[in-house]
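Reader: Could you give me a close look at the aromatic rings here? I'd like to know which ones pair up, how they sit against each other, and whether they're buried or exposed.

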Amino acid sequence: MMPLDKFRRQLRQEAEQWRTEGLIDDSVYEQLSERYQFSDLETAARNRFVVILLGLGSILLGLGVITFVAANWQAWHRELKVILLLSVFLAVNITGFYLWRRPIQRWQRRLGQGLLLLGGLILGANMALMSQMFHQSGLLYQLYLLWGLGILAMAYGLQLTSLGIVAILLISLGYIQGQGQPEFLAVGEFYWLRQIVKHLPILAILMFIPLAYWCRSRWIFRLGAIATVCFLEANLIEQNLSRSPAWIAAVACALPAALLWGYRDNLWVERLQGAESFNSTARTLAITFLGVVFYLLSFHGWWDTSSIPSVDDTARLPSYLLVDILILSCLTIGEWLRLWRRLDLTSIFVAGMIVVGGLIPYWHLSTGGLTFEAVLSFNLLLFVLAVGLVRQGLAQGQRKLFWGGMVLLTLQILTRMWEYDTDLLFKSFVLLLCGFGVIAAGLWFERYVRKIGVGE
């Protein structure tokens, strides 16, 4: 991969200075010039200038066309409108595909990717205008869902990370915006779309995770896993955890972390040549989920009230939710059975926190009250998780782990201080102590990392 133009330009200036000072001779300079292609720097600068001019001119032309169409939109026949919308969509995508697949220069490939992304955005505009022209009523979240599915199909066909990210965001936006609306699960007259909405936590795995390996994109995997967890949590929380069976709350607190920590992608890496492994990303998301859950449930307000669900509450659980929980539970059990063969101390530690984090809500909702014990337990869990991250960061020399643990510790101390009624002087003392502690820990860790010669 060619280094960035900024680095090459700085290297050329330094090489010229070295040659002037006699540190290198002409032959070494020529080798550097050939290796880093100093002669192409001016051409690259001209190309970028041309791209900026073309982009600015295209924006102005596009605004002019949009203004012209808006001025004559009502006067045109519906057939002409359809032809115009389809022509713009096809022209943008065909041009973008041609520049992307057969670029003469590097900027043409980038322009092609930009046009393909623009084509995905035009798809949504066309769907909205077509629906309006043919008097097909629908809600905004339905447009987001259908639009996201359309861009998802484009992402699979073109293997473009940008389209995959946009598809995940649109589907997630449609799902979030539709939550709480009484007709959300009906989704109009489309039976297939209704089933997609109901089983979105399961289908999100099938839609997003293979695309991450297909596009070799860690961001698609990360966003797809987050979307899956959010969809599941939204479905569970919608059932009112305090009135649902106690095991539903345990599932909400434990299942996502167990699923993510036990995830292994050996099958994908073996089947797809050159595919990148995302095991570490899944485990990072599992720890992040545990940190969020432990922090939220460490507040006293969540445990002030308790309710033991009745038999009627259990009977009202929708069947699609039970099916999703069953499928995800089976996947999680299968993952941990494979993990059991190479179980390490870290996995045992995480498994213990997951089990305890799920048992406490179950016990609280089953017995009718564990207020003090629950708050104390989740504060201890949060503290143990933070200390574990700091310890792993020190052992591996990784800044992300160390500072993740430090952030959790500091956040826990500050939150408990502000949650409970404490003296203002004591609060100022804690703030000063945390500030000095963070600075001292940071300086000591940086010195430690330099000493052992690792870190990222």
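Author: Let's start with what a pair is: rings of Phe, Tyr and Trp (its six-membered ring) pair if their centres lie within 6.5 Å, and planes under 30 degrees apart count as stacked, over 60 as edge-to-face and the rest as tilted. With that rule, Tyr213, Phe221, Tyr263 and Phe278 are linked by ring pairs into a cluster. Bear in mind that this is a predicted model: local features need pLDDT of at least 70, side-chain atom pairs count only at pLDDT 80 or more, and totals for chains, interfaces and linings use all residues. Residues are numbered from 1 along each chain as its sequence is written, and side-chain values use heavy atoms, with hydrogens and water left out.

Across the structure there are nine aromatic pairs. One of them joins Tyr295 to Phe299, edge-to-face, at 5.3 Å centre to centre and with 85° between the planes. Phe299 has a relative accessible area of 23%, so it's partly exposed; that label sits between buried (under 20% relative accessible area) and exposed (over 50%), using a 1.4 Å probe and protein chains only.

Another pair is made by neighbours in the chain, Phe402 and Trp403. Their rings are edge-to-face too, 5.3 Å centre to centre, with 80° between the planes. So how covered are these two? Phe402 is buried, because its relative accessible area is 3%, while Trp403 comes out at 28% and therefore counts as partly exposed.
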